[in-house]
Amino acid sequence: MNDETILLMCAQCGTKNRIPKQRIHERPVCGKCRIPLPVGAYSDRPRDIGDSEFHKEVLVSRDPVLVDFWGPHCAYCRMLASTIDQIAANFAGRVKVFKINVEEHSRTPSQYGIQGIPSLLLFKNGKAVDRMVGVLSRDEIERRLLPHIDKS
Ligand SMILES: [Zn+2]
């Protein structure tokens, strides 16, 4: 698993750069023109997305995606937030982690029957494969992620 690589296309020259997933944190640059590569969805911080990005970022992703449905007025969501940050850092390059603010975006939460927050949904190949509701421990969440991560 340690020599797994991903392909990142340079935004400037279009060269496809093969980057070991382990090095995704090291601000990789294009081998040809040396500009920083768009690590974007592979960054180690969970990124907020909305309904309009859901299909592009989650459903067609080749990697498993963990989506944290949260709201700014939810105390339990704040408790879970640091755990989600840690998981995003720990699984960077293997699992994409996004957050959806349910007060700003309602289409995706209703589509997936989100009734309480925080709720975590794990997607693989466009399908929701696990659902975790409430404040779970980091260990518990990681235990449920692991079976869905490709061991190649
Ligand atoms: Zn380039």
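Biologist: How far apart do the C-alpha centres of domain 1 and domain 2 lie?

Modeller: This is a predicted model, in which local features need pLDDT of at least 70, side-chain atom pairs count only at pLDDT 80 or more, and totals for chains, interfaces and linings use all residues. Residues are numbered from 1 along each chain as its sequence is written. The bounds, which come from an automatic or database domain assignment, place domain 1 at 5-38 and domain 2 at 43-148. Between their C-alpha centres the separation is 26 Å.

Biologist: How many residues does each domain give to the contact?

Modeller: Two residues are in contact if their C-beta atoms, placed from the backbone, lie within 7 Å. On that criterion, domain 1 contributes 4 residues and domain 2 contributes 4 residues.

Biologist: Which residues have the most contacts inside the largest nonpolar core?

Modeller: Such a core is a set of buried Ala, Val, Leu, Ile, Met, Phe, Trp, Tyr and Cys residues joined through C-beta atoms within 7 Å. A residue is buried if 20 or more other C-beta atoms lie within 10 Å of its own. The largest core has 25 residues, and those with the most contacts inside it are V65, L66, V67 and V97.

Biologist: Which residues does V65 touch, not counting residues up to four places away in sequence?

Modeller: β4 (65-70) is one of the elements that each supply at least two residues of the core; strands are DSSP runs of E with at least two residues, numbered from the N terminus. With that sequence exclusion, the residues touched by V65 are V58, V95, K96, F98 and F123.

Biologist: Why is β6 largely enclosed by the rest of the structure?

Modeller: β6 (119-124) also supplies at least two residues of the core. The strand is largely enclosed because, of its 6 residues, the number buried is 5.

Biologist: Which residue is the bridge partner of L66 in β6?

Modeller: Two strands pair if DSSP finds at least two bridges between them. β4 and β6 run antiparallel and are joined by 5 bridges. Within β6, the partner of L66 is L122.

Biologist: Which residue in the turn between β6 and β7 has a positive phi?

Modeller: β6 and β7 (residues 127-133) run antiparallel, joined by 6 bridges. L121 stands opposite R131, and L120 has M132 as its bridge partner. The two strands form a hairpin with 2 residues between them, and the turn residue with a positive phi, about 50 degrees, is N125.

Technical notes
Buried ≥ 20, exposed ≤ 12 C-beta atoms within 10 Å, placed from the backbone. Helix = DSSP H or I, 4+ residues; strand = E, 2+ residues; numbered from the N terminus.
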